[in-house]
Amino acid sequence: MVVETIAAAYHPGEHHYFESGGKQFLYLVPSGAVFGLSGLSQEIYSLLQSCPLSGEELSMELGRRGYSPTEIQVTLDEMVDFDVLSSGIPKKTFPKVPEKTFPIQRIVLNTTNQCNLACGYCYEYSDDKIASTKDKPKFMTDSIAKAAIETLMKESAGRSSLHVTFFGGETLLNYPLMRDSVQYATARAKEAGKTVDFSLTTNATLLTEEIADFLAENRIGVTVSIDGDKELHDRMRVFHNGKGSYDIIAPKIKMLLARHRTNSIGARVTLSEGVREVRRIYDHLTQELGFDGVGFAPVTASPDRLYHIGGHSMDKVLVEFEELAWEYRDHAIKGGRHYFTNVEDTIKEIHLGISKAYTCGAGLGLLGVGTTGELAACHRFVDSPVAQMGNVIDGVNHEARHDFLEKHHIGARTDCHTCWVRGLCAGGCYHESYIKHGLTDASNLTSCDRIRGWIDLCLRIYGEIGIKNPKFLERFDDN
Ligand code: SF4
Ligand code: SF4
């Protein structure tokens, strides 16, 4: 009898409540949608805070407040349709694990495992490295790159737009391979009636005018790894002789930004214990160098490394993140641009109602390729014993890939099952998890409060932009 009563009663679905711009909102966890409360829906939500109520009980109370039976029923139906309310026994639902044949969309080619820099925190060369390049070719050959592109063509059934990312070591040490691969992939995609676009990550030390023009002609998106002004950048990003790289890269970056205007050129900053002045770095990269996108990520390192950012330092970083995030809001409300991509990326996911089954595309729509042609879940697992998924000659190991996807699916991450941000976080980077815990599927629980705080902040910013300048959000609709 008690169960029947509960089953028939309305109660709020799984959600996170937030206020912004003087209004009330619900972030709906299973669907990833944002629902604005007002008038009657606000009253219904408020009535259901203390206990579930039947339709009859709600109608009686709301009738007393002057609402008609029709408007009450219409609003209740709408709230149920949007999963704001549920009238059944609450149960958690998760997306399904994809089929073994789930198509890939992106490959990341590690064009070389060599680098002309020796950055103190590099996950490929530091004490935390998991890749072993001993006895492996230093540079990817043309035939391996072509076989990788053929693997992408073969495994991307149903996908019309493909993507190739060039990565390293330092990618431009093997520039000829990149140049030829762009040509080959473009031709093969055209034959198959698909499109392909490209991106490159580089330390910028080897950029030339010729390379900049090639990148511009082929609309190749560029991410430059740079940690701020000379003093900050040179603390970690040094050549093998210990000399800082800032003086070499700064003029090259300016040259690139002047010559390449056909795609985005963003800066990617690695925050470490000695380099965490977010505002100073942001101002330098946007105002002095001219980047129109700056993203920050804390270094991936085990906690005993000196450059690892501890909780106290991360809290300070987040204070500066928050300041930049509000600045982003102010620009957005006025219809202007702001270049802090951490907030832009999160707001875009909120706007698109993304509810992730996986933290990222690794092993799902994305595979990393090493110089030998070995396939791994992503570029960071290339040449390691972990998350391997076949090779470009024999093909994708679909069993290994499926096992990986089963193991890392949000449904298998029981630590995350009650977390309201799981649709946006989904447990965290597998590589970071491996470095910190020796397991790819350990949710990084020490960071959860900070992650939830960050998403809550982005929701509030999203809500306020939605109220004051909804047109701004249209830029996220089509891509
Ligand atoms: S890792 Fe933490 S913040 Fe992320 S979904 Fe899991 S419990 Fe939530
Ligand atoms: S596992 Fe980590 S490094 Fe690899 S693609 Fe995902 S988020 Fe990026």
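Two strands pair if DSSP finds at least two bridges between them. Helices (H or I, at least four residues) and strands (E, at least two) are DSSP runs, numbered from the N terminus.

The structure is a predicted model, in which local features need pLDDT of at least 70 and side-chain atom pairs count only at pLDDT 80 or more, while totals for chains, interfaces and linings use all residues. Residues are numbered from 1 along each chain as its sequence is written, and chains are lettered from A and ligands numbered from 1 in the order in which they are written.

**Exercise 1. Determine the strand order of the sheet that contains β2, β3 and β4.**

Step 1. Strand β2 (residues 15–20) pairs with β3 in the antiparallel sense over six bridges. In this pairing, Glu19 stands opposite Gln24 of β3. The hairpin of β2 and β3 has two residues between the strands, and Gly21 adopts a positive phi near 55° there.

Step 2. Strand β3 (residues 23–28) also pairs with β4 (residues 34–37), in the antiparallel sense and over four bridges. Gln24 has Leu37 of β4 as its bridge partner, Phe25 stands opposite Gly36, and Tyr27 stands opposite Val34. Five residues lie between the strands of the β3 and β4 hairpin, where Gly32 takes a positive phi near 80°.

Step 3. The result is an open sheet of three strands in the order β2-β3-β4, with antiparallel pairing. β2 and β4 each have a single partner strand and stand at the edges, so one side of each is left without a neighbour in the sheet. From one strand to the next the twist averages 30° (axes are lines fitted to C-alpha atoms, for helices over the stretch in contact, and angles run from 0 to 180 degrees between N-to-C directions).

Step 4. In a regular strand the side chains alternate between the two faces of the sheet.

Step 5. Helix α16 lies across β2, β3 and β4 and runs at about 55° to β2. Contact between two residues requires that their C-beta atoms, placed from the backbone, lie within 7 Å.

**Exercise 2. Describe how α10 and α11 pack, and classify the angle.**

Step 1. Helix α10 (residues 278–288) packs with α11 at an angle of about 45°, and their axes are 9 Å apart.

Step 2. Angles under 35 degrees count as roughly parallel, over 145 as roughly antiparallel, 65 to 115 as roughly perpendicular and the rest as oblique. α10 and α11 are therefore oblique to each other.

Step 3. Val278, Arg279 and Tyr282 of α10 make the contact with Val317, Glu320, Phe321, Glu323 and Leu324 of α11. By class, this contact has five nonpolar, no polar and three charged residues (Ala, Val, Leu, Ile, Met, Phe, Trp, Tyr, Cys and Pro count as nonpolar, Asp, Glu, Lys and Arg as charged, and the others, Gly among them, as polar).

**Exercise 3. Locate His338 and establish whether it is buried or exposed.**

Step 1. His338 is placed in the loop between α11 (311–333) and α12 (341–351).

Step 2. A residue is buried if 20 or more other C-beta atoms lie within 10 Å of its own, exposed if 12 or fewer, and partly exposed in between. His338 has 20 other C-beta atoms within 10 Å and is therefore buried.

Step 3. Not counting residues up to four places away in sequence, His338 touches Glu327, Tyr328, His331 and Ala332.

Step 4. In the adjoining helix α12, Thr341, Val343, Glu344, Thr346, Ile347 and Ile350 are buried. Their cover includes β4, β10 (265–271), β11 (294–298), α11 and α16. Just after α12, Gly353 takes a positive phi of about 65°.

**Exercise 4. Characterise the shells around ligand 1 and ligand 2.**

Step 1. A residue is near a molecule or strand if its C-beta atom, placed from the backbone, lies within 6 Å of it.

Step 2. Ligand 1 is surrounded by 15 residues, of which the closest are Cys416, Cys419, Cys425, Ser443 and Cys448. The shell around ligand 1 has eight nonpolar, four polar and three charged residues. α14 (422–425) and α16 (448–468) each supply at least two residues of that shell, and α16 gives the most, with three residues.

Step 3. Around ligand 2 stand Cys360, Ala362, Cys378, Arg380, Cys429, Tyr430 and His431. By class, these are five nonpolar, one polar and one charged residues.
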